[in-house]
Amino acid sequence: MESRYEPQVIEKQWQQVWADQGLDRTLDADDAKQAKPKFYALSMFPYPSGTLHMGHVRNYTITDVIARVHRMQGYRVLHPMGWDAFGLPAENAAIDRGVPPAKWTYQNIAQMRSELKRLGLSYDWEREVTTCSPDYYRWTQWLFLEFFQAGLAYQKEAAVNWDPIDQTVLANEQVDSEGRSWRSGAIVERKLLRQWFLKITDYAEQLLQDLDKLPGWPERVKLMQANWIGKSTGAQVTFTTEQGDEIPVFTTRPDTLWGATFMVLSPEHPLVSKLTTPDQAAAIAAYQQAAATKNEIDRTAEGREKTGVWTGSYAINPVNGEKIPIWIADYVLMDYGTGAIMAVPAHDQRDFEFARTFGLPVRVVVQPEGQTLDGETLTAAWPGEGVMVNSGPIDGIPAGKGEGQSVLAAIAWLEQQGKGKGMANYRLRDWLISRQRYWGCPIPVIHCPDCGTVPVPTTDLPVLLPEAVELTGRGASPLAQLESWVNVACPQCGAAARRETDTMDTFIDSSWYFLRYPDAQNANQVFDPAKVNDWMPVDQYVGGIEHAILHLLYSRFFTKFLRDRGLIKCDEPFQRLLTQGMVQGKTYKNPRTGKYVVPAQVADPANPVDPETGEALTVVYEKMSKSKYNGVAPEAVIDKYGADTARMFILFKAPPEKDLEWDEADVEGQFRFLNRVWRLVTEFAQTRQGVAPTTPDTLTKPEKDLRRAIHTAIQETTHDLAGDYQFNTAVSELMKLSNALNEATCVDSPVYAEGIETLLRLLAPFAPHISEELWHQLGHQDSVHQQPWPVADPQALVVDEITIVIQVMGKTRGTIQVPAGADRQALEDYARQSPAAQRHIEGKAIKKVIVVPGKLVNFVVAG
Ligand code: ANZ
Ligand code: ZN
């Protein structure tokens, strides 16, 4: 009467039991089991787009195994899930199909939640957060006001994408690669609007420095963050115009000041109009207008033909009193450095191209060894090494940024002369957070004609997003069109005032959600600091590499800001970060045409041929997508094999950081493995129930061998799950143990029982349902997930033992058992610790130890 492994039956059943028992509820510090250390395991929460994809499944399975292992290893674990639920797709769905964004979003959440539950993920659903729910965004608004109060939320003019046909602002995602609107097809324009910013630049240096506090992050992510922050060191030097206005410039090469032959201001620079002479006024105005339509990427693109106009004015170079012309050009950006540069064409390529285009002088100030560069004949800028020439006080100094080289020498001289100072600059800009969209968190301020910008009193939060709006994708932001919502009384003076109609960038919502999980249902506070301080930082964060920069940087910024406000103690939110690889699907591609072929049209998969052209096709694994016919729906896999198989496959197929090729044959392989485990354990449960998993005093050879296999599996899986998470090798260890049990002859031994139970405990985090079912079939009443993680017995791991004679002064005092492969030092250590030797050497000075490997250890003692 052999039972069959039916995942569809047992998975549902155990999910229900676990939910009823509250097995995955979080233990807070004030719970009974507070002596346990905490572990916060977090997956990046999803945008509720509709259904789960394999990328989600991989992400959440990885985190779930980590959470489950830590529970078994004696931690109290916080493992929550929620929804990054504001955003453009909901609005687009409303425009396309007329479904209200809230309805669309909550339907998707319900659908995805039920799919998540089928995967057997051990979430504490009482902690669920939904960013579009007023009980969450009330606190997002409260946090915005914290920034506002601290002076870190401010308004200024900034360029937005403007659709001239629909008369609306577009998000970057709504502009295609040709710069056209997704809806109207119009060429998108740049338009200046008053926007809200968060002053992340105040934290630039800390965000950079503290990357050093994150040894548990992938190096490449830290590098991407560092590059994004983009610190440059150099100096600020002030030039003076002939009219007496000061123009500070930022330069990374203050040592080349003697080679500056002109200045360039950004077309937006505030001094441009004052410096422009009447002759040049028309040309300057036309150039400024043209520059305003270009975005930063176009303006700074490498190799692009240089354009610009002379203002008609001159500046004085502070180091040598030389008179140099002041130009404007769009390759100088207003919001980097000071918006003005000194141009050194001999040593900066952009300046060189500009000088050649407009016939401006080129003066060499760095002379490379063994060459004599000449400004007249130079064909490209020389940014490299050499010796300073034509450079007054720093002549003869080797060019470079190091100790004793030209840059530091120039800074020292400038500071001493009071002409400039050493300075750092960051690429990082302040964070533009306002969006002219409906489905987002309303910015809680009111604009009063008398009082100006007034924060909504915290007692009036949340500023609710009105539900009755019509979304057309045309005209001003939908909220701005809703007069009944916009018109309010000023909270300060009571005069007629208007609400802010911009909503917040959804990255704001996700910059603090991990701080809400520790106290997700708090109706009176953003969170109880004690709870957040208990759980933070997140011990292991798992998510996609696509969030390596913005989400992680913004979350780090929020954390540091809230620390400075005294709300939390930790200053880095994510202790360790794992960025999982992509899940790729199999597809057929015609290498000549580059076209993908629907798999069903491939007659012979072993010899795939293009049904249209008859050409041979290649099999490729690429990111799953509809257009490549290579998507695999998680639901379909669960229906066919069960969640445990899907989990096992994902964990086994590739290390977590690597891309994973979805392959049905390998999925089958995992299904077969679980079937073998099923047979092994059910057979044991039926025939030998009641044999306790103990260790007999003396072991037969087969028992010894099996015990070694068991404890090797424990040792190896424990190691694979400690920190670096090599799930794939851990699963292989489970397979080896299952094979060892299959082949074992000592099936009636308690050691065999120990093996079966160990296999289930080790398997539990990976395949939670089948492990639980089989655990109960062994007669247990409690959950396998509440068992302690097994600990390897070093004794059991000993490969083979030999007998060594212990001698003291040449006299045999006894024997010991040691591992066969022990080296000289190990033999000596074993011998010293043996009771036989101890009895005779204690208290005596050892003069010499003679080791004869494989035979004996002899101690020569004094006295
Ligand atoms: C003179 C010079 C000589 C420069 C030389 C470089 C090489 P990073 O490394 O990106 O910080 N610069 C400064 N402000 C600018 C702006 N708003 N728009 C465009 N370019 C700007 O580069 C700093 C260098 O970029 C500065 O150093 C300046 O050119 C230019 F052989 O000054 B340099
Ligand atoms: Zn007022």
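Helix axes here are lines fitted to C-alpha atoms over the stretch in contact, and the angle between two of them runs from 0 to 180 degrees between N-to-C directions. With that in hand, take helix α21 (residues 701–720) and helix α22 (residues 727–743): they pack at about 170°, and their axes are 9 Å apart. Keep in mind that this is a predicted model. Below are the helix pairs, the zinc site, the domains and a few backbone spots worth a look.

**Helix pairs**

- Angles over 145 degrees count as roughly antiparallel, so α21 runs roughly antiparallel to α22.
- On the α21 side, the contact is made by L706, A709, I710, T712, A713, E716, T717 and D720.
- Facing them from α22 are T729, A730, E733, L734, L737, A740 and L741.
- Sorted by class, the contact of α21 with α22 has nine nonpolar residues, plus three polar and three charged ones.
- Now for another pair: helix α7 (residues 219–229) and helix α17 (residues 550–564) have axes that come within 10 Å and cross at roughly 75°.
- That crossing angle falls in the 65 to 115 range, so α7 and α17 are roughly perpendicular to each other.
- From α7, the residues V221, Q225, W228 and I229 meet L550, L552, L553 and R556 of α17.
- The contact of α7 with α17 breaks down into six nonpolar residues, one polar and one charged.

**The zinc site**

- Four cysteine SG atoms, from C448, C451, C490 and C493, are the protein donors of the zinc ion (ligand 2), and they lie 2.1 to 2.4 Å from it.
- The site is tetrahedral, with angles of 105 to 114° among the four donor atoms.
- If you're scanning the sequence for the donors of the zinc ion (ligand 2), look for the spacing C-x2-C-x38-C-x2-C.
- C451 is in the loop between β19 (445–448) and β20 (452–455), while C493 is in the loop between β21 (487–489) and β22 (496–499), so this pair ties together parts that are 42 residues apart in sequence.

**Domains**

- The chain is split into domain 1 (231–426), domain 2 (664–797) and domain 3 (801–861).
- Taken over C-alpha atoms, the centres of domain 2 and domain 3 are 37 Å apart.

**Backbone spots to check**

- L461 and P462 are joined by a cis peptide bond, with omega about 0°.
- You'll find P462 in the loop between β20 and α13 (483–486).
- M536 and P537 are also joined by a cis peptide bond, again with omega about 0°.
- P537 sits in the loop between α16 (529–535) and β24 (540–544).
- Q167 isn't a glycine, yet its phi is positive, near 55°.
- Look for Q167 in the loop between β5 (153–163) and β6 (168–170).

**Around Q280**

- Q280 belongs to the loop between α8 (272–275) and α9 (281–292).
- Leaving out residues up to four places away in sequence, Q280 touches V309, W310, T311 and G312.
- Measuring C-alpha to C-alpha on the model, Q280 and Y40 are 64 Å apart in space, and they are 240 residues apart in sequence.

Note on methods
Residues numbered from 1 in each chain as written. Chains lettered and ligands numbered in written order. Predicted model: local features only at pLDDT ≥ 70, side-chain atom pairs only at ≥ 80, totals over all residues. Heavy atoms only, no water. Helix = DSSP H or I, 4+ residues; strand = E, 2+ residues; numbered from the N terminus. Parallel < 35°, antiparallel > 145°, perpendicular 65-115°, else oblique. Contact = heavy atoms within 4.5 Å. Nonpolar A, V, L, I, M, F, W, Y, C, P; charged D, E, K, R; others polar. Domains from an automatic or database assignment. Donors = N, O, S within 2.8 Å, 3.2 Å for Na, K, Ca; no water. Tetrahedral: all angles 85-135°; square planar, octahedral: opposite > 155°, others 65-115°.
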